[in-house]
Amino acid sequence: MARNPLDEATAAYTQEASQSTDLVVKCAGLTKVFRDFWMRNRVKAVDNIDMDIRRGEVFGLLGPNGSGKSTTIKMILGLLHPTAGRIAVFGKHPRDVGNKSLIGYLPEESYLYPFLNARETLEYYGRLFHQSGQVRRKRIDMLLEMVGLDRVARRPVGEYSKGMQRRIGIAQALINDPQLLILDEPTTGLDPIGSRQIKDLIVELKRRGKTILLCSHLLADVEDVTDRVAIMYGGKVRRAGDIDELLVEHGQATITLPAFDESDRLRIMDALDKAGLHEARIDRPRQKLEQFFLDIVAEAQAQGLATSGAGNAGRIAEFLRTDETQEVQGEDLIRELASKPVVEEAKRPQQPARPAAPQPDAGLIDQLTGNAPPSPPAQRPQEKGKAPARPNQPKPASDEDRSVIDSLLG
Amino acid sequence: MAIPSRTTQFGFFGTLGVLVIGGMLIALFLRAQDQATAANIVFGTAVGLAAVVLAWGAYAWREMLFSSGLLSLYLVKYAVILVVSVFIALVSGGPDLEVIIRTVVGTYAMATLFLLGLFLIRLVFRAGHPIIGIARTTVDEAVRMKAPLVIIVLLILLLPMLPLFIPQEDQLRYRIQTFLTWSMLITSLCLSLMTIFLAVGTVTSEIHKRQIFLTLTKPVGRAQYLAGKWIGIASLNAVLIVVSGLGIYAFATSLAAQKDVAARSGYDYLAVEEGVLAARQAVKPVPTGETGLAGLFNQRLERLRRDEPATYGQPGSPVAALPDDVRNSVQQQVLQLWYTVPPQNRTVYRFTGLVGIPEGVQSVQLRVKPKLTGSSPDGFARFALRVNDTPFPNELAPPGTDPFAFKFADNKHYTIPISTRAINERGEIDIEVFNFPPDQSSLSFNPKDGIELLYRVDSFEMNLVRSMAILWLRVALLAMIGIAASTFLGFPVACLATLLFYMAAAGHGYIAESISSYGAFPRAELPVLERIVGIPTTIIDQWAEGKYWDGFKVLIRMTGSGFIALIPSFAEYNPTPLLADGRLVSWSLLGRASLWIGLIWTGLMAVVGYLLFRAREIARVIV
């Protein structure tokens, strides 16, 4: 069978792409047109997009339903063939079989064999990666514990709830410890514990230098973990860039302080007023529902209440956490932070699910209300590298996100 | 719920295996020693113990899919067969208790063997390789999804029940032959259906339900995917073929073992002893003269030429100048004449090449189907035989009748044992048929199988092994066709296409024959190019003469011929009639089947499937 001229073009292109090694995925002029039986163009699902995903970053692909996100992902995976344009994944053709051992993919729904149980499912995918029985067993034990399905591993996957199937889907995407993890709507059907764990996982993998392509409608989730985003609509990329640059509000600043009483409030307001900041406002930050929910469940699990569903989601699997090549300093701390909200193993002493609220620091307030002028607009706290979520932070961003989409939708 | 450890699993299946296979071996040994009752007791006890072990296993593994699905179904099936056999016993009043017990025990043994086979597959397919992984999951799918499992259960249920449906009053050898024919047919049919549904179902449903998204985004080549699917189905079929083969063997030999009491006549007894459970080579007779059939042909042709030179050419002109159809017709006439013994006449049939008969073979069988050209008052044909010029006595002639006269029903097959001592050192034997009754019409034998000499060259066991191997090659090809069709068709269409292929391949001979006499067509002897050009010419000629329908028939035949040419013939590689008739399923037949079905056709289908699959876009439009 003759080679597709497109393939040849891609081959030349991939060579070029492989020279810039920090690009994991490179798409140029990527277009996908779906044709009907009579070869009439029906839908332009992806329209001439250029997109680069760099090594070690978390890239968010956003957009409303039918904006071409899944189509783009499927082209990157080689499940769909581009109508025009070029893709290189790790500098190679997207259908290169050897490349696939570097990729983990969680599709938008869990496409599992209903007749296999959880362990057999993972055994199957492990075999596809040429893993020996020993490696397979070890990884599967860790993954099952990590996604909280170790106790129901002998039940056929067909009997699982949607969320439990999703967990197996996540486990299979990680079984090869991929360099590039492609997550298509990873939190669909998951309970908040699972969603939170996905975020922790993304952060942990990013720390280890893995590249993640995240595709989701849940903008809050994306915002928490991504470095860069591209927002698609109608098959085109409307905006793309560094998430912090995209979201920073140049007209406002936020100061985070420990809790203080009414008299302190008056003093602070007064001080701010004196400094010429007349439109300042003081609110009590609300706890995020996610964190609240996680606390409740952690409490119930600590009491050992029975459930027939997914069990305690455990720590992130060992093989996904350890770097054989380089030990990162302070790794234990990071690991602890990353897994803290979901550490609920009965054996271990119950840890507070959330860092204790810091004690009020009177000195700081005094300093602030005294004569010190307010600092220039604070830069957004950069703590994504350490903790996945910023529970106590005011979140103006999600509304802005929605308004971006709304305006795009017209 | 604790899952039994790996050691326990091995212990479980090991005990099962030792009980069933060991019991079977001891029973076979005892039967060979003519200890039928002891054999039955040993085998029954072994199977009974195996049942206890199995029941324990079903309980211990009740949390596991493998056991809860398969073993409970298996237990249900066991109950069903008990009820069915008791029902049959009550309604027909025919089969005795022993037959029913044998049926139940047989089902149980086959099902247990099947489980063992599955265990073996899982043991073999445990390496970390994409092809192995896909193959293993395909086997799991087969025994855990309903459609394929139902057919497998049906096979394991039907085969042991078959003897219940064979009329007890038939001659024993016919009962054995009927059993062999039907059991092979059921095996072939069940496995073919299972293979088609499984092969088509597994690929189309994975594409439809998108499980393939996950598999093909792992380091799995498209060829590896197809290979894994095929290996899975083919190995499941191999297990089922072995299980069926053992079942067929057990039931056929146990039927034959009853010959002392169940044989209906002396001939029946002899036939069972010598002819049925054997692999016999057949030899056709040749004329005794120096020139053979060619000489007879020349004589006949010269006479015809003297009478009708316009049709047959001038006497003495070269034979090559004869048109093909004329030559064919003369050949047929000569052959038919030579196979006919006129009243009061004798014909000597010489069988040659009777070398290599294994030591210990006491007799060869003369298999005849005498047919009277005229009517016979009592429906019997009578004749006498001389073997190597010596009158051959009819050992089974009723007392008080002519000891040298053979009296056989008209147009029926009979077997006459002849001692191997009659074969001379050149490996020849002359048999003279004497049509002695003065009032009897001509006696003729069908040139195809009217008179032949059969001698045992191999055992029934080896014949069965080769037959089952050929069956496996056929279903393995079907699996590949199903997979190839599924790479570009949906479930219903791919199933239909594969079924159509199966039926066309199985009925290849009939279809080819009926097509060859349908509508006018360029003669087969013409060169290929002329034949191709001849088709439109014929159509135009027909239409020019106003014979529109006849012209259309040429078109139909052209389509049919093209279709038939693209499909291999399973009929050529059908071991069932040979096996049932106690004829040799030769290594060369198996070799040819391996080459054509196994290598060329399966390979071709694999390549076609791969090329289609490689170009296919796996995902569908979702916008």
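## The nonpolar cores

Let's begin inside this predicted model. Its largest nonpolar core has 197 residues. The residues with the most contacts inside that core are A:Leu143, A:Ile182, A:Leu213, A:Leu214 and B:Ala479. If you would like one place to start looking, try A:Leu213: leaving out residues up to four places away in sequence, A:Leu213 touches A:Ile53, A:Phe59, A:Leu61, A:Leu180, A:Ile182 and A:Leu183.

There is also a second, separate core, made up of 26 residues. Among its members are B:Trp338, B:Leu385, B:Leu443 and B:Leu454.

## Where the two chains meet

Next comes the contact between the chains. Chain A contributes 39 residues and chain B contributes 35 residues. On the chain A side, at least two residues each are supplied by β2 (41-54), α2 (69-77), β5 (103-106), α3 (118-128) and α4 (133-146). Which element gives the largest share of that side? It is α3(A), with 5 residues.

The chemistry of the chain A side can be read from its residue types: 21 are nonpolar, 13 polar and 5 charged.

## Chain B as a whole

Chain B holds 21 helices and 12 strands. Its C-alpha trace spans about 90 × 75 × 45 Å along its principal axes. Of the 623 residues in chain B, 38% are buried.

How do the contacts in chain B relate to the sequence? Taking contacts between residues at least 6 apart in sequence, 80% join residues at least 24 apart.

## Helices α6, α7 and α9 of chain B

Two helices make a good pair to inspect together. Helix α6 (residues 146-165) of chain B packs with helix α9 (residues 222-256) of chain B at an angle of about 10 degrees, and their axes are 10 Å apart. An angle under 35 degrees counts as roughly parallel, so α6(B) is roughly parallel to α9(B). From α6(B), the contact uses B:Ile152, B:Leu155, B:Leu159, B:Pro160 and B:Pro163. Facing them from α9(B) are B:Leu240, B:Ser244, B:Gly247, B:Phe251 and B:Leu255. By type, the residues of this contact divide into 8 nonpolar and 2 polar, with no charged residues.

Helix α7 (residues 172-208) of chain B has 37 residues, which should span 54 Å at 1.5 Å a residue. The C-alpha atoms at its ends are 52 Å apart, in agreement with that expectation. Most of α7(B) is covered, since 28 of its 37 residues are buried. After α7(B) comes B:Arg210, whose phi is positive, near 70 degrees.

## Two residues to look up

B:Met503 sits in helix α16 (residues 491-506) of chain B. Is B:Met503 buried, exposed or partly exposed? It has 14 other C-beta atoms within 10 Å, and a residue needs 20 or more to be buried or 12 or fewer to be exposed, so B:Met503 is partly exposed. The C-alpha atoms of B:Met503 and B:Phe570 are separated by 9.3 Å, although these residues are 67 residues apart along the chain.

In chain A, A:Gly158 lies in the loop between α4 and α5 (162-174). A:Gly158 is partly exposed too, with 14 other C-beta atoms within 10 Å. Setting aside neighbours within four places in sequence, A:Gly158 is in contact with A:Pro114 and A:Phe115. The C-alpha atoms of A:Gly158 and A:Gln197, which are 39 residues apart along the chain, are separated by 23 Å.

Methods: Residues are numbered from 1 along each chain as its sequence is written. Chains are lettered from A and ligands numbered from 1 in the order in which they are written. This is a predicted model: local features need pLDDT of at least 70, side-chain atom pairs count only at pLDDT 80 or more; totals for chains, interfaces and linings use all residues. A nonpolar core is a set of buried Ala, Val, Leu, Ile, Met, Phe, Trp, Tyr and Cys residues joined through C-beta atoms within 7 Å. Two residues are in contact if their C-beta atoms, placed from the backbone, lie within 7 Å. Axes are lines fitted to C-alpha atoms, for helices over the stretch in contact, and angles run from 0 to 180 degrees between N-to-C directions. Helices (H or I, at least four residues) and strands (E, at least two) are DSSP runs, numbered from the N terminus. Angles under 35 degrees count as roughly parallel, over 145 as roughly antiparallel, 65 to 115 as roughly perpendicular and the rest as oblique. Ala, Val, Leu, Ile, Met, Phe, Trp, Tyr, Cys and Pro count as nonpolar, Asp, Glu, Lys and Arg as charged, and the others, Gly among them, as polar. The expected span of a helix is 1.5 Å times one less than its number of residues.
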